[in-house]
Amino acid sequence: MENFDYDLRSIQEARDLARCGEAASKAIAKYTDEQIDAILRSMAKAGEEHALCLGEMAAEETGFGVAMDKAYKNHAASTLLYDQIKGMKTTGILSEDTVTRTIEVAEPVGLIMGIVPSTNPTSTVFFKSMIAIKSGNAIVFSPHPSAAKCTLKATEVMRNAAIAAGAPEGIISCVTMPSMGSTNELMKCKEVSIIIATGGPGMVKAAYSAGKPAIGVGAGNSPAYIEKTADVKHAVRTIMASKTFDYGTICASEQSIICEESNHAEVVSELKSQGGYFMTKEETDKVCNLLFKNGHNMNAKFVGRSPQVIAAAAGIQIPEGTRVLIGKQEGVGEGYPLSYEKLTTVLGFYTVKDWEEACGLSIRLLQNGIGHTMSIHTQDRDKVIKFAAKPASRILVNTGGSQGGTGISTGLPIAFTLGCGTCGGSSVSENVSPKHLINIKTVAYGLKDCSTIVEDDNTFMWKNGNTKTSSSPADFVSSFDKKETTPAASCQSGCDDNEKLAALVKEIVLAMKGQ
Ligand SMILES: CC(=O)SCCNC(=O)CCNC(=O)[C@H](O)C(C)(C)COP(=O)(O)OP(=O)(O)OC[C@H]1O[C@@H](n2cnc3c(N)ncnc32)[C@H](O)[C@@H]1OP(=O)(O)O
């Protein structure tokens, strides 16, 4: 009875938040670029000020990761993200092409629902709030039950800063009583226009099944290939920095290393000198028994943990200063548990003869995290291009997966929701950014005069099914294509120069904003 009452109240709360969020989305859609920028600046500042305390809160509540690294993720999702998106055009006229005579006009999508994972419970709130506001939308969050407090606090930080800078009430909110009932209610309610789902596969699938547009992410299983021309020291340094960052909770982090016979000794020695511990077969088995449950599903108890915690639980001795546990693997799939995603400080390790074998192995490893991310360390551009054909949406070169995939160390958009393409079950293959949260309307002027087409013999025969004509449908289509708009016809469209065209579009934008 108590549970039933909780569920009912949580569903009611979700409905109320959706209603307020929808009203806020209508209000913010009328804001100018300057108003939006002032709100974003305020949010970025507040995010920076709370980065550390929220990082500490998230690490404590979930038991995942490293507080300082979570603080850095909060900094990336506020200050770094703001610097990257501030100049982006996301409202009003986006572009104008005087040759095709088309004009793209942005329209906010409305109210967004953000599903937040337990692995990045505060940075994801910063990230999604910032991109939602940048594109003129409102957002309502559904927190992961094991990270509800810190997600709620992160939402409050963003909301208070947004409202202080002039955003409408209800612009950023979060359910305070998480339940499957409230999450389902938000996913299905009419007020929500789109869902951005970051989290476990079950939740992402539920979002895609809600009957409305959704942007979801797939699981990762990123291999890092250290090719024979690579600078091994640098490659190992970036892999270690990535794998130890927040104890490996970022879904683009490396899950296995592939080296070649020719650089095997150097890679092993460099890994050892930088804190990698190579486990024996028995030690690897003991660790794998902890990392997975029901087959290859990650055991949340060992996600985002230090090697010391994992080793102690597995009953194995590791040298002082160990940063990552490494287990050699001979294959992929059944019987090779380290060939699956781990999201913790454990790596699989493979040695291959040459790059062709590395290609095949990368593809097999990526089947367990298809469409996500892989990395290659090499000085050979040709190999990079060959690996660009792998089934991964991000092919990172000479950089770590965590920092590279999220855009911290690469030119990719800074993001904590990484698309995996259709092969990974995602509707996007890019890093999610403000441009995914707008509808783009296209104003298109006529270029060809089709007004006389009914007089045309071909058309007449086409319409009347006259088989006596020698004209084929292809002839008809090509005769149609040849017709060009006369200057007079262009004038009739009410706009014969670019200035008039721009003025007309401005009118459309103002009309959309109700001004
Ligand atoms: C850029 C990036 O790094 S994004 C990273 C995103 N990637 C991930 O989060 C990796 C995928 N995540 C996972 O696989 C898992 O979340 C783990 C392994 C990290 C943690 O696993 P767990 O906490 O055991 O399971 P999981 O996250 O699936 O959910 C636990 C329960 O909470 C429920 N839950 C999760 N989110 C919500 C939500 N928003 N509302 C209500 N319930 C929820 C789940 O349905 C599940 O319920 P159940 O136990 O009744 O089935």
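Here are some exercises, each with a worked solution, on a predicted model of a protein.

**Exercise 1. Get an overview: how many helices and strands are there, and what share of the residues is buried?**

Start by counting elements: the protein has 18 helices and 17 strands. Next, look at burial. Out of 515 residues, 53% count as buried. Finally, check how far along the chain the contacts reach. Take the contacts between residues at least 6 apart in sequence: 72% of those join residues at least 24 apart.

**Exercise 2. Trace the five-stranded open sheet: in what order do the strands lie, and which ones stand at the edges?**

Step one is the order. Reading across the sheet you get E5-E4-E3-E6-E7, with parallel pairing. Step two is the edges. E5 (172–174) and E7 (214–216) each have a single partner strand, so one side of each has no neighbour in the sheet. Step three is the twist, which averages 20 degrees from one strand to the next.

Now zoom in on one pair. E6, covering residues 192–197, runs parallel to E7, and three bridges join the two. To find a spot where they face each other, pick Ala197: opposite it stands Gly216 in E7.

**Exercise 3. Work out how helix H4 sits: which strands does it touch, and how many of its residues are buried?**

First, place the helix. H4 takes in residues 123–134 and packs on the sheet, where it touches E3 (111–115), E4 (138–142), E5 and E6. Its direction makes about 160 degrees with that of E4.

Second, check its length. With 12 residues at 1.5 Å a residue, H4 should span 16 Å. The C-alpha atoms at its ends are 16 Å apart, so the expectation and the model agree.

Third, look at burial. The tally is 12 of the 12 residues, which means H4 is largely enclosed by the rest of the structure. Among the buried residues are Phe126, Phe127, Met130 and Ile131, and also Lys128 and Lys134.

Last, see what comes after the helix: Gly136 follows H4, and its phi is positive, near 80 degrees.

**Exercise 4. Go round the ligand: how many residues surround it, and which are the closest?**

Count first: 23 residues surround the ligand. The closest are Asn120, Ser142, His144, Thr183 and Cys251.

Then go through some distances between polar atoms:

- Asn120 has a polar side-chain atom 3.0 Å from a ligand oxygen.
- His144 has a side-chain N or O atom 2.7 Å from an oxygen atom of the ligand.
- Thr183 has a side-chain N or O atom 2.6 Å from a nitrogen atom of the ligand.

**Exercise 5. Sort the residues of strand E8 by direction: which point one way, and which point the other way?**

Split the strand into its two faces. Ser222, Ala224 and Ile226 go one way, while Pro223 and Tyr225 go the other. Now ask about cover: five of the five residues in E8 (222–226) are buried, leaving the strand mostly covered. To finish, find its partner. E8 pairs with E9 (residues 254–260) in the parallel sense, over five bridges. In that pairing, Pro223 has Ser256 in E9 as its bridge partner.

**Exercise 6. Take three single residues, Gln329, Cys150 and Ser25: where is each one found, and what does it touch?**

Begin with Gln329. You'll find it in the loop between E13 (324–328) and E14 (346–352). Its relative accessible area is 8%, and buried means under 20%, so Gln329 is buried. A polar atom of its side chain lies 3.2 Å from the backbone nitrogen of Leu338. Beyond its neighbours in sequence, Gln329 touches residues including Thr284, Tyr336 and Phe349.

Move on to Cys150, in helix H5 (residues 148–164). Its relative accessibility is 0%, so Cys150 counts as buried. Its C-alpha is 5.5 Å from that of Ala58, though 92 residues separate the two along the chain. Ala58 is also one of the residues Cys150 touches, and the list includes Leu54, Glu61 and Pro121 too.

End with Ser25, in helix H1 (residues 2–28). With a relative accessible area of 6%, Ser25 is buried as well. A polar atom of its side chain is 2.7 Å from the backbone oxygen of Glu22. Farther along the chain, Ser25 touches Gly110, Leu111, Gly136 and Ala138.

How values were computed: Residues numbered from 1 in each chain as written. Predicted model: local features only at pLDDT ≥ 70, side-chain atom pairs only at ≥ 80, totals over all residues. Heavy atoms only, no water. Pairing = 2+ DSSP bridges. Helix = DSSP H or I, 4+ residues; strand = E, 2+ residues; numbered from the N terminus. Axes fitted to C-alpha atoms, helices over the stretch in contact; angles between N-to-C directions. Contact = heavy atoms within 4.5 Å. Expected span 1.5 Å × (residues − 1). Buried < 20%, exposed > 50% of the residue type's maximum accessible area, 1.4 Å probe, protein only. Near = heavy atom within 4 Å. Polar contact = N/O pair within 3.5 Å; in protein donor to acceptor, adjacent residues only side chain to side chain. Lists of a residue's contacts leave out its neighbours within four places in sequence.
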